[in-house]
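This report describes the fold, the nonpolar cores and some local backbone features of one protein chain. It is best read with the structure open alongside.

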Amino acid sequence: MAFRAVIRPLRSLGIAKLPVQQARWLATPVHPITQDSSRGPTAMVFLNMGGPSTVDEVGDFLSRLFADGDLIPLGRLQGYLGPLISKRRTPKIQKQYAAIGGGSPIRKWSEYQCAEMCKMLDKLSPETAPHKPYVAFRYANPLTEDTYRQLLTDGFGNGRGGRAVAFTQYPQYSCSTTGSSLNELWKWRQRLEGKAGALDDGTDGTIKWSVIDRWPAHPGLVEAFAQNIETKLLEYPEERRDKVVLLFSAHSLPMTVVNRGDPYPAEVAATVHAVMKRLNFVNPWRLCWQSQVGPQPWLGPQTSSTVENYIAQGQKDLLLIPIAFTSDHIETLYELDEEVIGESGHADTVKRVESLNGSPVFIEALANLAKLHLDSRIACSSQMGLRCPGCKSDRCLESKKFFASQQV
């Protein structure tokens, strides 16, 4: 969730170890899409927030981000404050993206991960092949609307039916991340296919969606994190290695969202516990939360202050682990690397675990997770159909109803 740096002005505005897949399978040739099979072809659509790939895209990215009331609720002033804040923040955020190489790498990694996963799926699940990779971002290109139109162009929907899987790349569910992305997907489905009439066979020929809506303790995800942690720990002297404090860092949430019943904190904690169990609980650890903004209470403790406080206590061997991110973006490359570690004064002992990015273990986990989902023939998890106890969003209600009712 790469929005911590861009909304600071709000203050002033009141398993057993999985084998690494060594082979790189060639993808099954993707023939022109036809819907003759009852199960394939299948569109695999990765959902994520996204990020500007170039500095010039920062302004549009911020405009879309601040317009999203699911992510940054500004109430009735959303239409006024959103454009104002995004315009004011653009120059500073452009400098931050310039500092990490001129743009976010999240599109590159998302497209790579999805394409590689689909190659594996063509072998693992030939009955649902060919698997066609797509990425749908919430605030940056390729936008959800454009991806949906591409699906239609490629032969899905528009009276031809076909199956698509919305695969969230937030392993832990939050209404502000996965929820917002699914609300956007549902919105464009209604606009582009919602008026489809019945065909001769009784169907309406629209895309049949299913959703992988959360996977916080999937064994492959846990293994990928654990292997990266073990690799980074080797950089510490052996006599100090088991005493390095593991600081799992996830994006924080306002307590108003937490108290509404958002499942995110519990699911992040589930990931952390599963990873520590895989590591045999050797090192001491804590879960902390990054990116608090504004004056209202947020879920804590904050990652930056946690690092500062441990250093003040004399604990300088600290290993940061971005546990809610599946690839690098501004929250890892700038906030953690440049701000938290760079300003700690102890960059030799305060380190960060490599993000999952192109990890073969992680990509194999994605393929295995997708295979299980395709075989299950379920629309979504039972958890997704359950609203937060304090939810008052009609859009969320209708979106959940739609995805839970899909027949796949």
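## Phenylalanine 167 and the nonpolar cores

Apart from neighbours within four places in sequence, phenylalanine 167 is in contact with Met44, Val45, Phe46, Leu47, Met117, Ile212, Trp215, Leu366, Leu369 and Ala370. The model is a predicted one, and in it Phe167 is among the residues with the most contacts inside the largest nonpolar core, together with Met117, Ile229, Leu246, Phe248 and Ile323. That core has 72 residues, and its largest share, 8 residues, is contributed by helix α12, which spans residues 360-376. A second core, separate from this one, has 22 residues, including Tyr134, Ala164, Cys380 and Phe403. In soluble globular proteins, nonpolar side chains tend to be buried together.

## The chain as a whole

How many helices and strands does the chain contain? Its secondary structure comes to 13 helices and 8 strands. Of the 408 residues in the chain, 57% are buried, while the area that the chain exposes is about 17,200 Å², with 52% of it supplied by carbon and sulfur atoms.

## Packing of α5 against α13

Helix α5, residues 175-193, and helix α13, residues 394-404, pack at an angle of about 75°, and their axes lie 9 Å apart. The two helices are therefore roughly perpendicular to each other, a term that covers angles from 65 to 115 degrees. On the α5 side the contact is made by Leu182, Asn183, Leu185, Trp186, Arg189 and Gln190, and on the α13 side by Arg395, Cys396, Glu398, Ser399, Phe402 and Phe403. By type, the residues of this contact divide into 6 nonpolar, 3 polar and 3 charged. Phe403, one of the α13 residues in the contact, is also one of the residues of the second core.

## Three loop residues and their distant partners

Tyrosine 170 lies in the loop between β3 and α5, and its relative accessible area of 7% makes it buried, because buried means under 20%. Leaving out neighbours within four places in sequence, Tyr170 is in contact with Leu47, Asn48, Met49, Thr177, Thr178, Ser181 and Trp215. Leu47 and Trp215 also appear among the contacts of Phe167.

Phenylalanine 156 is found in the loop between α4 (144-153) and β3 (163-168), and with 0% relative accessibility it counts as buried.

Is arginine 387, in the loop between α12 and α13, buried or partly exposed? Arginine 387 is partly exposed, with a relative accessible area of 27%. Not counting residues up to four places away in sequence, Arg387 touches Lys392, Ser393, Leu397 and Lys400.

For each of these loop residues, the table gives a partner, the separation along the chain and the C-alpha to C-alpha distance.

| Loop residue | Partner | Separation along the chain | C-alpha to C-alpha distance |
|---|---|---|---|
| Tyrosine 170 | Aspartate 213 | 43 residues | 8.3 Å |
| Phenylalanine 156 | Threonine 42 | 114 residues | 9.0 Å |
| Arginine 387 | Aspartate 262 | 125 residues | 8.9 Å |

## Backbone features

Most residues other than glycine have a negative phi, and most peptide bonds are trans. Against that background, four places in the backbone are worth locating.

Which residues are joined by a cis peptide bond with omega of about -5°? These are alanine 129 and proline 130, and proline 130 is found in the loop between α3 (106-124) and β2 (131-137). A cis peptide bond also joins asparagine 141 and proline 142, with omega of about 0°; proline 142 has its place in the loop between β2 and α4.

Serine 291 is not a glycine, although its phi is positive, at about 80°. Serine 291 sits in the loop between β6 (285-290) and α10 (303-312), and at 1% relative accessibility it counts as buried. Arginine 377 likewise has a positive phi in a residue other than glycine, with a value near 60°. This arginine is found in the loop between α12 and α13, where arginine 387 is also placed, and at 39% relative accessibility arginine 377 counts as partly exposed.

Terms used. Residues are numbered from 1 along each chain as its sequence is written. This is a predicted model: local features need pLDDT of at least 70, side-chain atom pairs count only at pLDDT 80 or more; totals for chains, interfaces and linings use all residues. Side-chain values use heavy atoms; hydrogens and water are left out. Axes are lines fitted to C-alpha atoms, for helices over the stretch in contact, and angles run from 0 to 180 degrees between N-to-C directions. Helices (H or I, at least four residues) and strands (E, at least two) are DSSP runs, numbered from the N terminus. Angles under 35 degrees count as roughly parallel, over 145 as roughly antiparallel, 65 to 115 as roughly perpendicular and the rest as oblique. Contact means heavy atoms within 4.5 Å. Ala, Val, Leu, Ile, Met, Phe, Trp, Tyr, Cys and Pro count as nonpolar, Asp, Glu, Lys and Arg as charged, and the others, Gly among them, as polar. A nonpolar core is a set of buried Ala, Val, Leu, Ile, Met, Phe, Trp, Tyr and Cys residues joined through side-chain atoms within 4.5 Å. Buried means under 20% relative accessible area, exposed over 50%, partly exposed in between (1.4 Å probe, protein chains only). Accessible areas come from the Shrake-Rupley method with a 1.4 Å probe; for residues, only the protein chains shown count as cover.
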